[in-house]
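Reader: I would like to go through the pockets and the ligand site of this model. Please keep the answers short.

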Amino acid sequence: MPSPNALDFFDVRSLLSDDERLVQDSVARFVDDKVLPIIGQAFEDGRFPKELVPGIAELGLFGSSIQGYDCAGLNGVAYGLICQELERGDSGIRSFVSVQSSLVMYPIHAYGSEAQKQRWLPAMAKGEAIGCFGLTEPHGGSDPSNMKTHARKKGGDWVLNGAKMWITNGTIADLAVVWAATDDGIQGFLVEKGTKGFDAPEVHHKMSLRASVTSALYFNDCTIPDASRLPGVKGLKGPLSCLTQARYGITWGAIGAAQACLSEVLAYTKERVLFGRPLDANQAAQLRMAEMSRKITLAQLLSLQLGRMKDAGTMHPAQVSLAKWNNVRMALDIARDARDLLGGAGITLEHCPIRHALNLESVITYEGTETVHQLVIGKELTGVSAF
Ligand SMILES: Cc1cc2nc3c(=O)[nH]c(=O)nc-3n(C[C@H](O)[C@H](O)[C@H](O)COP(=O)(O)OP(=O)(O)OC[C@H]3O[C@@H](n4cnc5c(N)ncnc54)[C@H](O)[C@@H]3O)c2cc1C
C-alpha cells in the first residue's frame, strides 16, 4: 500500500480525467520553472512580472473555459486546477489570470456583441490585450448596489463620471470593464486605455499582492460610443455573475497557496534540529502539520465537487460563497501557522509562507469578504437577508 501524497492526502488527483491531469501538470511545470524562481524578488520589488504573460498565453490559460475565439474551451475543473497551480506560485499571478479570464473575458463572451467578442477575446487569449474589472467604489465595496459611478446617454454616446477603487491590473490594462448606474439600471461598459477623461493611477504602499498591480479608476466626463456598452445584461446580476466565476477559481487557488506552505514546513522542520532532534519529530509540530493536511484535504474535496457541479450546470452562488469562505480561511490560517513554525526564518522572503499569508489578507477581502459570504449563506439558509 503506497503512502498517501503529503499534499494530496486523499488522492484527489485520481478523481481527475486524463485531460485535467495534463492541464494541471503543464501549469505546475510553468510555475516551477518560470514563477517560483522570480516571484520572491518581484514581491519584494512591488513589481508585476509582466514577462510571464506570453508563457501564460501560450499555455492557453486566459479565458480557458471559453469555446472559440482562440480560447482553450476547457471545463470548470481544469480552470480550477489552473488557479490552484498558479496560486501555489503566488496569489498575484492567479489574480491576474482570474481577472483576465473570469472578470473581463467572461462578461464580454456572455454579454458582449459579436463585434466586441471578435475585437477583444482573441487578443486577450493571446495576452496581447490586458483587461481589468471596475466594480468596487471608494465608499464601500461590500455594497455594490449603492453605485455612484454613472453613465448618462448623450446622443449616440455615453458619458461616464465617478471612481472605482482597488482595481487589479487597472494601470496596465488596455481595456476596463466598468459597471455604472444608468437610468435603465446598472450596465457594463468597455472603456479603452487612453480614452479622454479616463485615468488609472496605481495604488502604492501595499503590503499584500505586491506582485500584482492594483489601481484606482477615475472617470471625468469620459465619453464612449454606445457600441462599447455590453448589450446583453442589465442590473447587478451582470457583475455578480462574473464574481461567481472568479470566486469559484479562488476556492481552488487558495488550495495551492496552502499546499506551498505545508510543503515548505515539511522540508524545514525535517532539517531544523532543536533540543537534540529534528523539529518534525515533536508531537506539537506534527499536530500542527496534521491539522494543515486535514484542512487542505477538505478544501480539495469541496472544490472538486463544486467544479463537478459547475460543469453539470448545477452550481449555486451560495455554494461558491461557502467554498470561498472555507478555503481562503483555511489557506490564511495555514500560511500564518507555517510562518510561525519557521520561527524567525519565517519572516523573510526566503520562505514562501509570509508572502502567501500577506497575499491571502487580500484574497480573504476581495471578491466578497468573509462576512459577506457568511451572510450570503445565512440568507440562503433562513430566507432572510441580514445585509
Ligand atoms: C488587492 C485587491 C484587489 C482587488 N481587485 C478588485 C478588482 O479587480 N475589481 C473590483 O471591482 N474590486 C477589487 N477589489 C475590491 C474588493 O472586492 C473590496 O475591497 C471588497 O469587496 C471589500 O470592499 P471594501 O474594501 O470597500 O470594504 P467594506 O465594504 O467597507 O467592508 C469593511 C468591513 O465591513 C464588513 N462588512 C461589510 N458589510 C457588512 C455587514 N452587512 N455586516 C457586517 N459587516 C460587514 C466587511 O466584511 C469588512 O470587514 C480588490 C481589493 C483588493 C484589496
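Reader: Which elements each supply at least two residues of the lining of the largest pocket?

Author: The model is predicted. Its largest pocket holds about 1300 Å³ of space and is lined by 48 residues, with G141, L243, R247, E367 and G368 nearest its centre. Six residues of the lining, the largest share, come from α6. The elements that each supply at least two residues are α4 (91–111), β3, α6 (237–271), α8 (317–341) and α10.

Reader: Which element gives the largest share of the shell around the ligand?

Author: The ligand sits in the largest pocket. Two elements, β3 (157–168) and α10 (370–382), each supply at least two residues of the shell. The largest share, three residues, comes from β3.

Reader: Which residue places a polar side-chain atom 2.7 Å from a nitrogen atom of the ligand?

Author: Backbone atoms account for two other contacts: an N or O atom of F133 lies 2.8 Å from a ligand nitrogen, and a polar atom of L135 is 3.0 Å from a ligand oxygen. The side-chain contact at 2.7 Å to a ligand nitrogen belongs to T136.

Reader: Which element gives the largest share of the lining of the second largest pocket?

Author: The second largest pocket has a volume of about 590 Å³, and 31 residues line it, with L7, E85, R88, Q259 and A260 nearest its centre. Elements giving two or more residues to this lining are α1 (18–45), α3 (76–89), α6 and α9 (353–363). The largest share, nine residues, comes from α1.

Note on methods: Residues are numbered from 1 along each chain as its sequence is written. This is a predicted model: local features need pLDDT of at least 70, side-chain atom pairs count only at pLDDT 80 or more; totals for chains, interfaces and linings use all residues. Side-chain values use heavy atoms; hydrogens and water are left out. A polar contact is a pair of N or O atoms within 3.5 Å; within protein, one must be able to donate a hydrogen and the other to accept it, and residues adjacent in sequence count only if both atoms are side-chain atoms. On a 1 Å grid over the protein atoms alone, a cavity is a set of points where a 1.4 Å probe fits but cannot get out, and a pocket is an open set with protein on both sides within 12 Å along at least five of seven lines; lining residues have an atom within 4 Å of a point. A molecule sits in a cavity or pocket if more than half of its atoms lie within 2 Å of its grid points. Helices (H or I, at least four residues) and strands (E, at least two) are DSSP runs, numbered from the N terminus. Grid points are joined across faces, edges and corners, and a volume is the space filled by probe spheres set on the points.
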